[in-house]
Amino acid sequence: MKQILHIFAKDCRHFWPEILISVALVGALVWIYPSTWLSKSGLYAVAGGAFLPGMLEAGVLAALLTVLVPVSWWLLIARVIHAESLVGDRQFWVTRPYEWKKLLGAKALFLVAFLYLPLLIGQCLLLFRAGFPPLPFVPGLLFNLLLITAVIVLPLLAITTVTATFARLTVTLLAGLVCFIGYVVISLYLSDNASIPYRDHVSLPLAFCFCAVVVVLQYASRRVWVSRLVLGALPLLLVLTGMTLSESTEMGRDYPRAGAGQEGPVRLALLRDTPHPATAYLDRAKQVQVSIPLQVSGVAEGYALVSGPVRVTVDAANGSQWTSPWQALNNQQYLPGTSESWITFQMSRAFFDQTRSTPVTLHFTVALTRVQAGNVRSIPLPTQDFSVPDFGICSPQADVFHSRFFGIACRFALHQPNLTYIRARWMDSPCSASQPGLDTGVQGDAWMGSLESSPADFGIAPVWSPSIALSNGTKMEGNQPESRYLCPGTPVTFTQYNLVGRTQYDFTIPDFRFPSYQPIRGSFNGSMGFDITAQ
């Protein structure tokens, strides 16, 4: 233990500038990051509790700081590991009575003291500033540190141990980045960019184990080329793992088909009489994106359906056929009653041109997630922050003068909330004492949250503040859009949904004619997440 503390004290004396930079950036993050949720109320947080107008874009600085903090770790890790280099055969520290286990322990203690501890304290302060008591979130904070270790810290440590200098470390990281970008570009070029990503439960544990093995191997034996081969095998193994997973197998496992004779959870059909007919846009040189309006019915009361990936088969009149892979272009929610929606898919431009002038039959298979309504909370909209149990902390979005409300902003601790359906009523005119009843106006709604359960999502900052875009927030006056308003006291309803099961649903659209495609994608299509809502 004495040797560990000796090395730790030596590193603290030598690398205090790097320590200061890293800690200062974490402090700046704690200072500036609250602007990401305060800005949605028309204010930005700065030092001393003062405020600056939203025009200063402090949110951009907050996003930049979430990048600069890991960059400072890069510098910190490189400097402290290269102080006792593990590459070559002329390391001065080998002649000293250093045991590799104690040397590794000293480096680990250094990272705990000046990387993990400042970050953990900063995350606790951010949770406190956001209105969340940090103590109940300690397990989630520790899980998030584990994710940060697997994604950032351990890979940096492993690469640092097999490089001799900071310059070679930098070149290695840049080369890895170029290879990764090249792999992504080639994958998108050779495959359909709408294809679903497989559910990957292997890559993170593999990366964690391989990087940990490299670090221990280097400190124990300093076999540089063996460590480099192990580290180089990791991306190859990850690529092979992705190639061996069958998309159809994954979908069949995650979305099993219903039994024979079992009624489908929804009825989907082509919506023929609509002011917004089917559209087609040239998405890429060889792809056409098609969006088709649907009529939705048959969802049971107290339930909802979330549409996921879709697969389509097109049967042409001449007997030719085209089948798509599973595509993740649909993220619609279906509620009880009759409503209107869209289904979107990409298809081969050559087959589209071949069948555009003749009727075709479309066979769809849609992956559906069935959810059941749980807790329902209706809260009169206040003029300041309000807490929604099991959801988060919300506030009305106001203009700069805080005189008009044009939306709702919410923030969450460590991860997104459970899937929640939010409803409120818009007013066409600014609120006043003589306003009509709060049950009048146009309903706006939005979905927020996820069905995935995890103690925390990966992130440098522990507070999530995504935008909640209630539908029907604008109206058309002539050709000019005008904003609607939310009035104080308007009931805002939060309905949480719980997972029931997943399945696949088939339906067919006969005698369909593709529309002529346009070269530029328009603003009204299914991929934009636009829903037609009956008012």
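## Around threonine 313

Let's start with one residue and its surroundings: setting aside neighbours within four places in sequence, threonine 313 is in contact with Gln321, Trp322, Thr323, Thr361, Leu362 and His363. Bear in mind as you explore that this is a predicted model.

Threonine 313 sits in strand β6, which covers residues 303–315. Is threonine 313 buried or exposed? Its relative accessibility is 17%, and because the cut-off for buried is under 20%, threonine 313 counts as buried. One of its contact partners also meets it through a polar contact: the side chain of threonine 313 pairs with the side chain of threonine 323 at 3.2 Å.

## The disulfide

How many disulfides does the structure hold? There is one, and it joins cysteine 394 to cysteine 410, with an S to S distance of 2.0 Å. Such a link is a covalent bond between the sulfur atoms of two cysteines. Distant parts of the chain are linked by this pair: cysteine 394 belongs to strand β12 (residues 392–398) and cysteine 410 to strand β13 (residues 405–413), 16 residues apart.

If you care about the torsion, the link of cysteine 394 and cysteine 410 is right-handed, with 105 degrees about the S-S bond. Both cysteine 394 and cysteine 410 are buried.

## Other cysteines

Cysteine 211 is in no disulfide; the nearest cysteine sulfur belongs to cysteine 209 and lies 9.6 Å away. That distance does not meet the criterion, because a disulfide needs sulfur atoms within 2.5 Å. Cysteine 211 is buried, with 3% relative accessibility.

Cysteine 124 is partly exposed, because its relative accessible area of 22% falls between the 20% and 50% cut-offs.

## Nonpolar cores

Now for the packing. The largest nonpolar core has 63 residues, and the members touching the most others are Trp73, Ile77, Phe110, Leu157 and Ile460. Which helices each supply at least two residues of this core? They are α1 (2–14), α2 (16–32), α4 (58–82), α5 (100–129), α6 (138–161), α8 (203–221) and α9 (224–244). In soluble globular proteins, nonpolar side chains tend to be buried together.

Leucine 157 offers a closer view of this core: leaving aside neighbours within four places in sequence, leucine 157 is in contact with Ile77, Ile81, Leu111 and Val215. There is also a second, separate core of 35 residues, with Val296, Ala316, Tyr505 and Phe512 among them.

Technical notes:
Residues are numbered from 1 along each chain as its sequence is written. This is a predicted model: local features need pLDDT of at least 70, side-chain atom pairs count only at pLDDT 80 or more; totals for chains, interfaces and linings use all residues. Side-chain values use heavy atoms; hydrogens and water are left out. Helices (H or I, at least four residues) and strands (E, at least two) are DSSP runs, numbered from the N terminus. Buried means under 20% relative accessible area, exposed over 50%, partly exposed in between (1.4 Å probe, protein chains only). A nonpolar core is a set of buried Ala, Val, Leu, Ile, Met, Phe, Trp, Tyr and Cys residues joined through side-chain atoms within 4.5 Å. Contact means heavy atoms within 4.5 Å. A polar contact is a pair of N or O atoms within 3.5 Å; within protein, one must be able to donate a hydrogen and the other to accept it, and residues adjacent in sequence count only if both atoms are side-chain atoms.
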